[in-house]
Amino acid sequence: MLPAKSRARSIEGRLDWLSVVFVLGAVLLVYYLFPLVSLLVSQPPAAVIRRLSSPDVVAAATTSLLAATASAAIATAFGLPLAYWLARADGRIETLVTALVVLPLVLPPIVSGMVLLTVVGPETLVGRLAAANGLPLTRSLAGVVLAQTFVASPFVVVTAKAAFESVDRSLEYASRSLGKSRLVTVRRVTLPLAWPGILAGITLAFARSIGEFGATIMLAYYPRTMPVQIWVSFTTLGLDRAFPTAVVLVAIAVATLVVLNALGRNPLE
């Protein structure tokens, strides 16, 4: 064992190192926090609340909420089956499919919009057929949903995949051994156990959809979502007029963190 004096020096050295690490990390934390505080205090609350009721802001918020809800629902309906398959599959095909799922997360949003335009743009076969049947896929709410789903749905798949993988397989085997079908086992055993992680993924997908700008502005400039409205207000009327919508987005981001914290889930784990 080390002498008491040596142990004290060792503890003191660790404390000094932790202090240095904290100071370095605190610089980045301040960089995160200061702009948010500046945003919230730079405008009088009464002025922000008054501008929140303007028709442009209300219309943008309505469009964003409707589209984000639809995008999260689509991502859940199609993402959960894919996530379950990925969690139970093995081999190279699983690795390849996972890479494909993650690709929209690493693509620049503008590029995502360009990619979508090559498939559903007004001059494409799909775009022409949809428009001929009264459902244009660009400059429409459908276009907003398509853009948001492309960039946000991977959050559902990746997070749900991790949640399914965390479920004890022996519980599923026990259910199957009792004569339950795979579907019943998933519904009664797997989904309830994985549900907190799944809900975290849905929450992230909803928040990501609300904040989507690049792909949306490429695919559907109208109807305007909140990020697009912020850009239009900033470029035409100045920074002050963009504040109310930005405050709404910050509130949604904070609410997302509250939900994730309540679920006890780190989406990056």
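This is a short tour of a predicted model, going from helix to helix with a suggestion of what to select at each stop.

**Stop one: Leu-105**

Begin by selecting Leu-105, which you will find in helix 4, the run of residues 92-106. Because its relative accessibility is 35%, Leu-105 counts as partly exposed. If you set aside residues up to four places away in sequence, Leu-105 touches Val-151, Pro-154 and Phe-155. Should you wish to try the distance tool, pick the C-alpha atoms of Leu-105 and Ile-252, which are separated by 20 Å although the two residues stand 147 places apart along the chain.

**Stop two: helix 5**

Next, select residues 109-120, which form helix 5; with 12 residues at 1.5 Å a residue, this helix should span 16 Å, and its end C-alpha atoms are indeed 16 Å apart, so the two values agree. Now colour Ser-112, Gly-113, Leu-116 and Val-120, which are buried in helix 5. Around the axis they cover an arc of only 100°, and therefore they sit on the same side of helix 5. What do the buried residues of helix 5 pack against? Their partners are helix 4, helix 6 (125-132), helix 7 (141-165) and helix 10 (214-219).

**Stop three: Lys-161**

Move on to helix 7 and select Lys-161. Is Lys-161 buried or exposed? Lys-161 counts as buried, because its relative accessibility is 15%, and the cut-off for buried is under 20%. Its side chain makes a polar contact, at 2.8 Å, with the side chain of Glu-165. Leaving aside neighbours within four places in sequence, the residues in contact with Lys-161 include Ala-83, Glu-94 and Thr-98.

**Stop four: aromatic pairs**

The whole structure holds four aromatic pairs. Select Tyr-221 and Tyr-222, whose ring centres are 4.9 Å apart and whose planes meet at 85°, so this pair is edge-to-face. Both residues count as partly exposed, Tyr-221 at 25% relative accessibility and Tyr-222 at 36%. Trp-231 and Phe-234 form another pair, which is tilted, with 6.2 Å from centre to centre and 45° between the planes. These two residues lie in helix 11, three residues apart, or about one turn of the helix. If you add Phe-213 to the selection, you will see the cluster that ring pairs make of Phe-213, Trp-231 and Phe-234.

**Stop five: helix 11 and its end**

Finally, show the whole of helix 11, residues 226-237, which reaches 15 Å from its first C-alpha to its last, close to the 16 Å expected. Among its buried residues are Met-226, Ile-230 and Ser-233, whereas Trp-231 counts as partly exposed at 41% relative accessibility. Just after helix 11, end the tour at Gly-238, which takes a positive phi of about 105°.

Note on methods:
Residues are numbered from 1 along each chain as its sequence is written. This is a predicted model: local features need pLDDT of at least 70, side-chain atom pairs count only at pLDDT 80 or more; totals for chains, interfaces and linings use all residues. Side-chain values use heavy atoms; hydrogens and water are left out. Helices (H or I, at least four residues) and strands (E, at least two) are DSSP runs, numbered from the N terminus. Buried means under 20% relative accessible area, exposed over 50%, partly exposed in between (1.4 Å probe, protein chains only). Contact means heavy atoms within 4.5 Å. The expected span of a helix is 1.5 Å times one less than its number of residues. The arc is that of the directions from the helix axis to the C-beta atoms. A polar contact is a pair of N or O atoms within 3.5 Å; within protein, one must be able to donate a hydrogen and the other to accept it, and residues adjacent in sequence count only if both atoms are side-chain atoms. Rings of Phe, Tyr and Trp (its six-membered ring) pair if their centres lie within 6.5 Å; planes under 30 degrees apart count as stacked, over 60 as edge-to-face and the rest as tilted.
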